[in-house]
Amino acid sequence: MRNSGFRYTGFRYSGFKVIKEALTGHKGWKPVWRTPEPKKEYDIIIIGGGGHGLATAHYLASRYNITNVAVLEKGWIGGGNVGRNTTIIRSNYLHPENQPFYELSMKLWEGLEQDLNYNAMVSQRGVLNLSHSDSQNDAYVRRGNSMIMSGADAQLLDQEGVRELYPFLDFDNARFPIKGGLLQKRGGTVRHDAVAWGYARGADSRGVDIIQNCEVTGFLIKDGKCTGVKTNKGDIGAKKVASCVAGSSSRVMSQAGMNLPIESHVLQAFVSEGLKPIIDGVITFGAGHFYISQSDKGGLVFGGDLDMYNSYAQRGNLPVVEDVCEIGMAILPAIGRAKLLRNWGGVMDMSMDGSPFIDRTHIKGLYFNGGWCYGGFKATPASGFCYAHLLATDTPHEVAKGFRLDRFQTGNVIDENGRGAQPNTH
Ligand SMILES: Cc1cc2nc3c(=O)[nH]c(=O)nc-3n(C[C@H](O)[C@H](O)[C@H](O)COP(=O)(O)OP(=O)(O)OC[C@H]3O[C@@H](n4cnc5c(N)ncnc54)[C@H](O)[C@@H]3O)c2cc1C
């Protein structure tokens, strides 16, 4: 998988270049992508310059040699969820429709920096899911086995194993005692906006037009076929149109008359003041919703539950701030002494069963990618890879063939957490 299909597009970043620029006043760096005006028509238009849209463009160009492509972004690239998440990557799923897909993503993360010649700070620092009961341990055994069967790594830890890694956790909390955990050492974090910039550079250098401040306001549909989009920069024709707008999915696809099995919710993220290194991996709480890591600058980066109401706002409410901090203190009492520096929100495209869609729609030439819920950052490479495959070949990629829009009609739901048709609980 590593670097497959890589095409050399000019080695602009290297140790030598960094030293040369440092000695010559940093005057030689060039913009990382162009600012083109839209053409009249493209082979493929991708709506949404988030991680998934840009990754799709990169893989279309680099793996399928399809370069007459535009990415239309209503704001600036990286301004959506790709630049707002808590940066965690992992492939620790249970269901056969999900796990191979996320493991493909993990393999693509492992080769991403070489593929893009861009430092995305991929850090495989380990993701540990804590368990708090014997039955949860049993569930982790099952999940770990599913991971191993897909070629991923998984390690079951007992309490001592967890204590060796993180002695400062509250192991004996009467309500949530820590019994052990499921560790994926290859999981970790990636610098999120570098992912957007790296994919943008990869796509642009192969001829893809990335057009910012270009909002899609409607579709050109004739006789059941999509022939382009309406935008604030005028109509743009295309042989294929690929929506990839995450939290705006329902709004954008309603312009094509589609009603999606998706709700939009706010999710917040939090960063503390910079502290000395204390947490060298990612820890997630198993008795509630809380996940934490420490950034390279020292801030504790953490998050928890959704705000639990439908919204398109990129900010959340104070009761959830309190709730998330409280949950954090249940496993990590020391966090109570750190000062919260900033928090923000993103709009989550929560699907009814918690799993995504990468599919054609009933309108010829119109494709849909969305429903990523909380977990779409880690999916970015595989989502782009599989969406590019679908757009180029008109057949679903082997590891994404369960992500169909009609799965609620056919009964093939992929309810990873077994929580039923309640999007805000996935
Ligand atoms: C607080 C928070 C924490 C998270 N933590 C994690 C995590 O740790 N790990 C993980 O795996 N996932 C996480 N996620 C989820 C992840 O960030 C998303 O699932 C993923 O980024 C969504 O895909 P994207 O990058 O393409 O979305 P986005 O970056 O949102 O891209 C969609 C783009 O579409 C554009 N757009 C919308 N409408 C239009 C239009 N009409 N015309 C043109 N452009 C349009 C938007 O401006 C946006 O730039 C988190 C999300 C949030 C908000």
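This is a selection-by-selection tour of a predicted model, starting at the ligand and moving outward.

**The ligand and its shell**

Select the ligand, then the residues around it, of which there are 36. Those that come nearest are Glu73, Asn81, Thr86, Tyr374 and Lys378. Colour the shell by residue class and it splits into 17 nonpolar, 14 polar and 5 charged residues.

Now show the contacts. Start with Glu73, where a polar side-chain atom is 2.6 Å from a ligand oxygen atom. Go next to Val82 and display its backbone: an N or O atom there sits 2.8 Å from an oxygen atom of the ligand. Then take Ile88, again with the backbone shown; one of its backbone N or O atoms is 3.0 Å from a ligand nitrogen atom.

How much of the ligand's accessible area does the protein cover? Taken on its own, the ligand has 1000 Å² of accessible area, and 96% of that is covered by the protein.

Switch to a cartoon view to see which elements supply the shell. Helix H2 (51–64), strand S12 (262–274), strand S16 (340–351) and helix H9 (376–393) are the elements that give two or more residues to it. Colouring by domain is also useful here. Domain 1 takes in 15–118 + 192–262 + 353–409, domain 2 takes in 122–188 + 264–350, and each supplies at least three residues to the shell around the ligand.

**Strand S12: Gln268**

From the shell elements, pick strand S12 and select Gln268, which lies in this strand. Gln268 is buried, at a relative accessible area of 3%. Show its side chain together with those of Asp307 and Asn343. The side chains of Gln268 and Asp307 make a polar contact of 3.1 Å, and the side chains of Gln268 and Asn343 make one of 3.0 Å.

**Helix H9: Ala379**

Move to helix H9 and select Ala379, which is placed in this helix. Is Ala379 buried or exposed? Ala379 is buried, with 0% relative accessible area. Add Lys364 to the selection and draw a line between the two C-alpha atoms: the residues are 15 apart in sequence, and the line spans 26 Å.

**Asn92 and its side-chain partners**

Select Asn92 in the loop between strand S3 (88–89) and H3. Asn92 has a relative accessible area of 3%, so the residue counts as buried. Display the side chains of Arg90 and Asn129 as well. The side chain of Asn92 is in polar contact with that of Arg90 at 2.6 Å and with that of Asn129 at 3.1 Å.

**The cysteines**

Select the cysteines and show their sulfur atoms. How many disulfides does the structure hold? The count is 0. Centre on Cys226, which is in no disulfide: its nearest cysteine sulfur belongs to Cys214, 14 Å away. Cys226 is buried, because its relative accessibility is 0%. Then centre on Cys244, also in no disulfide; here the nearest cysteine sulfur is that of Cys386, at 12 Å. Cys244 counts as buried too, at 6% relative accessibility.

**Three loop stops**

The first of these stops is His26. Look for His26 in the loop between helix H1 (15–23) and strand S1 (41–47). Its phi is near 55 degrees, a positive value in a residue that is not glycine. His26 is partly exposed, with a relative accessible area of 46%.

Next, select Met121 in the loop between helix H3 (99–116) and strand S4 (127–131). What is the sign of phi at Met121? Phi is positive, at about 55 degrees, although Met121 is not a glycine. Met121 counts as partly exposed, at 33% relative accessibility.

Finish at Lys179, in the loop between helix H5 (159–165) and strand S6 (180–184). With a relative accessible area of 36%, Lys179 is partly exposed. Add His132 and draw the C-alpha to C-alpha line: Lys179 and His132 are 47 residues apart in sequence, and the line spans 5.1 Å.

How values were computed
Residues are numbered from 1 along each chain as its sequence is written. This is a predicted model: local features need pLDDT of at least 70, side-chain atom pairs count only at pLDDT 80 or more; totals for chains, interfaces and linings use all residues. Side-chain values use heavy atoms; hydrogens and water are left out. A residue is near a molecule or strand if one of its heavy atoms lies within 4 Å of it. A polar contact is a pair of N or O atoms within 3.5 Å; within protein, one must be able to donate a hydrogen and the other to accept it, and residues adjacent in sequence count only if both atoms are side-chain atoms. Accessible areas come from the Shrake-Rupley method with a 1.4 Å probe; for residues, only the protein chains shown count as cover. Helices (H or I, at least four residues) and strands (E, at least two) are DSSP runs, numbered from the N terminus. Ala, Val, Leu, Ile, Met, Phe, Trp, Tyr, Cys and Pro count as nonpolar, Asp, Glu, Lys and Arg as charged, and the others, Gly among them, as polar. Domain bounds come from an automatic or database domain assignment. A disulfide is a pair of cysteine sulfur atoms within 2.5 Å. Buried means under 20% relative accessible area, exposed over 50%, partly exposed in between (1.4 Å probe, protein chains only).
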